Amino acid sequence: MGIEAGTVMLGIIGPEVVLVVAALGLMVADIIIKDERERQFLVWIGVAGILGSLAVSASLWGREVAYGFYGMVVVDNFSTFFTLLFLVAGGLTLLMSHRYVQERKLSPGEYYTLTLFATCGMVLMGKSTDLIMIFLGLEVLSVSLYVLVGYVRGSDKGVEASLKYFLLGAFSSGFLLYGIALLYGATGSTRLAEIGAAIAQKGLLGEPMLLAGMGLLLTGFGFKIAMVPFHMWAPDVYEGAPSPITGFMSVGVKAAAFAALLRVFAGSLPGLGIQWKEVLWLGSILTMTLGNVTALMQTNIKRMLAYSSIAHAGYILIGVVAGGETGTTAVLYYLLVYTLMNLGAFAVVVAIEQKDEKRLELLDYAGMGTRHPALGAAMAVFMFSLAGIPPLSGFMGKFYIFSAAVKEGYLGLTIIGVLNSLVSVYYYLRVTVMMFMKEPEAEITPVLFHPSLVVVLIIALFFTLQMGLFPSTYLHIARESIKIFL
Amino acid sequence: MGLVEIGIVLIKAVVVFACMLLCVAYLTWLERKVLGHMQVRCGPLRVGWHGLLQPIADGIKLLFKEDIVVSSANTFIYILSPMIVTGAAFAAIAVVPFGDQIEILGKKIALNIADVDIGVLYIFALSSLSVYGITLAGWSSNSKYALLGGLRSAAQMISYELPMGLSIIGVLMLSGSLRPVDIVESQDVWYIVKQPIGFLIFLICGFAECNRNPFDLPEAENELVAGFHVEYSSMKFALFFMAEYAHMIVLSALVATLFLGGWRGPVLPGVVWFMLKVFALLFFFVWVRATYPRFRYDQLMKFGWKVLFPVSLLNILVTGLGMVLWG
Amino acid sequence: MGIAGYTGILIMVAVAAAFGGVVVLLSRLIGKRQESREKLMPYECGIDPTGNARRRFSIKFYITAMLFIIFDIEAVFLYPWAVVYRSLKIFGFIEMVVFVGILLIGFLYVWKKGALEWGSKSI
């Protein structure tokens, strides 16, 4: 028996351990505390877990590359970067949800526990160097989210969204798993490194089984990224899910799937990455064009943001296609930027939304800016940033992505990308115009600010501005993260 | 594996199967007799000496009975399910060793049909197969009583399968093997001594798995009028009946193998010791039936999930700790 | 014994299945049959059955089945662990305490939330 504690190395999954312990503690606290009002404090256990996990994962930054669990997971700067990103997203989601859960009398225990587990799944996905592990991470994250999406049980849209997400998600998991099986069949391993070695050694690149496996794998990831043509679920699910969860999904799931995609295509199997470039190229164009054009016609703010998130997946794919050091760095930077600005936008949505899915139409935003100038200004910043207007971080993100694409010779792709961002300006600006320049038809009930939500808004606002004005630190971090791929 | 070996295995299988059938038949006689005397009656007396031919008469009668397939039933599953139950119950005996190796005509013959490394798992796999048979029987009859009986038995059997599976982990830890022969050979001291809690849980769960008193809710004759097999007649009914008794025999054999040292014992030959243990346990089955009333359904589920399950986990913990501390 | 041991199992299963099939077939052939509409009805206390037995039943059965799946998987993981426990020593013990502990918290949660109640307290 060669199993020793040393080969397992708990330190490598330290952040996950902290998250899981916090989640389990939350569950226990949930059944111990009987009083409904006292249970609202459970969110702080979750936040504490996230903070603890942040501390642990920050301490992993810059260390030597270390493999654990017989090479199933790895700690390198790439995984630590994504761990931090997911934890920030998870933490902000928890804070955003605090009032949301309280107001709707949702049972808080499961909500926060599942959010923590979903975060844990994302972290695992960013860390895994084995296809089975990627699948496990994806399932942990997906199963938690299936429940969270339908968490408001009385809401028709919520239940519909949950069922849709579950069915399509299960379907896409099937694709992914089948892809893994075929890859295993073609190369004899599920380890990314061994797959790469087998391909190089035996010259399998054109092998039909490998091609099919890779295609299925890409389909599985495509579902999670909401890449066209696998984006159908996104608008309905984003609309039906509780707003904080929608925000979480739009940034977290996407980033997790991109992390895995990068690890597979850019990191371990660069040969395959080149082979699949055309597909991703086409996917990128379709995704951003369809996302932006459809977003133009939306009247519901959550649906609009759903299509906008599809469009953003398209922009990020440009970076993946461009590849190389600049391209991959730009992808990481963009994901970071997108996480904060999109969560910020969702924080505003959560602030304005009222019980029973009220005040989610664009028309409801009329006059919000004049009644609540601070909120309006924050929303304006997030919208401008999403649209990519300088000097905000969204602009810098797009700038780096496009310049990487130009550098790698994808001029056509860049032009389409720029045109697309021009289109997107229309619908992002419309929100701001609505908030400041249109008078409401009836008197609006004022927005109640909850301290946790204000914290989220401030954090998101700060970073959206800071990352735009002083991007070099973050670019440096992103560049450090992808060093192992070069 | 040559033809000779296959021939030997085939002979063994047929012999064991015939013995099982005989045991099943006379177990019904034994049960009626023992129950009768415990209730100050005589039990069967008319057919043969002390009713000894009663089981044969019953069998012949059932064979000649009208075979009814309920018109609204799902015919294929309706006919298939008694076969699943019987097949699973009888096939499970295949891996149980009845005795040590013996020599016939200079050939060493192991007294089990199949000697596989995962024998214990095989028995568990087959015993959970019979859940399908019973549930499908209840469902396919398209009768409300049958459906209720089928559902109850599904829930009951899976609920008790859990602690049952966990209760033998202690034995496996001590013996370090899933092979029944190894487990028997490692018992210099019977495992009932080292694993008393595991033994108790296993026995209790065994009663529930066989749908025997006090866990006979799936058939509960006075509320569900025989539950899942209410719509069955003739030999199809007999198959369910035989399966229940075969299940009891398999279970007793398993208890004897895992906890009571299998065929091992002084003076007498192994097979005799094994039979003695099995029949003592079978007598115990009947004794319990004569003694205890039936559980209420919520009590039954509560007992399984809230008592047996945690206790069986605790048993594993204590066993593990003990092995770490005392080697 | 390797794979050879499974021949016995195959034969035994075949014998048992054949027995079931033959017996049912025999009773079908031997038993006399006089069918009537009433005789072929499902039993319902001697009156004509009302409605169909294919109806919805208590959600508790589903919950029980799901809980069984979860904890049975736990048991399945325990089997190989138990067999090699001697060589795993204290490390194996701690690993399993962690594994079972996590599931036990889940069990506690299920218990306190009332998923195991079947009487009036049930959810």
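These legends go with a set of close-up views of a predicted model.

**View 1. Chain A as a whole, a mostly helical chain by element count, with 21 helices and 2 strands.** Lay chain A along its principal axes and the C-alpha trace spans about 70 × 55 × 40 Å. Its radius of gyration is 21 Å, which agrees with the value near 23 Å for a compact globule of 486 residues. Of those 486 residues, 57% count as buried. As for how the chain folds back on itself, take the contacts in chain A with a separation of 6 or more: 79% of them come from residues 24 or more positions apart.

**View 2. Helix α9 of chain A and the helices around it.** This one runs over residues 208–225, so to speak 18 residues of helix, and reaches 25 Å from the first C-alpha to the last. That is close to the 26 Å expected at 1.5 Å a residue. Plenty of α9(A) is tucked away: among the buried residues are Leu210(A), Gly213(A), Met214(A), Leu216(A), Leu217(A) and Leu218(A). Further along the helix, the buried residues include Gly220(A), Phe221(A), Gly222(A), Phe223(A), Lys224(A) and Ile225(A). And what do the buried residues of α9(A) pack against? Their partners in chain A are α7 (156–187), α11 (243–268), α12 (270–275), α13 (277–295) and α14 (301–322). Just after the helix comes Ala226(A), with a positive phi near 65°.

**View 3. Met133(A) and its surroundings in chain A.** Met133(A) sits in helix α6, residues 131–149. Is Met133(A) buried or exposed? Counting C-beta atoms within 10 Å gives 22 others, and the cut-off for buried is 20 or more, so Met133(A) is buried. Set aside the neighbours within four places in sequence, and Met133(A) is in contact with Met72(A), Val73(A), Leu124(A) and Ser128(A). Met72(A) is the one to look at for a jump along the chain: Met72(A) and Met133(A) are 61 residues apart in sequence, yet their C-alpha atoms are 6.6 Å apart in space.

**View 4. Chain B as a whole, with 13 helices and 2 strands.** The radius of gyration of chain B is 20 Å, close to the 20 Å that the globule rule gives for 327 residues, so chain B is as compact as a globular protein of that length. Its C-alpha atoms fill a box of roughly 60 × 50 × 45 Å along the principal axes. Buried residues make up 54% of the 327. Among contacts between residues at least 6 apart in sequence, 77% in chain B join residues at least 24 apart.

**View 5. Where the two domains of chain B touch.** The domain assignment splits chain B into domain 1 (14–64) and domain 2 (69–326). Their centres, taken over C-alpha atoms, are separated by 22 Å. The contact draws 15 residues from domain 1 and 15 residues from domain 2. On the domain 1 side, α1 (3–38) and α2 (54–64) of chain B each supply at least two residues. Which of these gives the largest share? That would be α1(B), with 12 residues. By residue type, the domain 1 side divides into 12 nonpolar, 2 polar and 1 charged.

**View 6. Chain C against chain B.** Of the 2 pairs of chains in contact, chains B and C share the most contacts. Here 56 residues of chain C are in contact with 66 residues of chain B. On the chain C side, the elements giving two or more residues are α1 (5–30), α2 (59–83) and α3 (85–112) of chain C. Helix α1(C) gives the most, with 19 residues. The side of chain C that touches chain B divides into 38 nonpolar, 9 polar and 9 charged residues.

**View 7. Chain A against chain C, and the gap to chain B.** In this view, 7 residues of chain A are in contact with 10 residues of chain C. Helix α2 of chain A (residues 14–32) contributes the largest share of the chain A side, 4 residues. What kinds of residue does chain A bring to chain C? The chain A side divides into 7 nonpolar, no polar and no charged. Chain A and chain B, meanwhile, are joined by no contact, and their closest C-alpha atoms lie 14 Å apart.

Methods
Residues numbered from 1 in each chain as written. Chains lettered and ligands numbered in written order. Predicted model: local features only at pLDDT ≥ 70, side-chain atom pairs only at ≥ 80, totals over all residues. Nonpolar A, V, L, I, M, F, W, Y, C, P; charged D, E, K, R; others polar. Domains from an automatic or database assignment. Rg over C-alpha atoms; globule rule 2.2 N^0.38 Å. Buried ≥ 20, exposed ≤ 12 C-beta atoms within 10 Å, placed from the backbone. Expected span 1.5 Å × (residues − 1).
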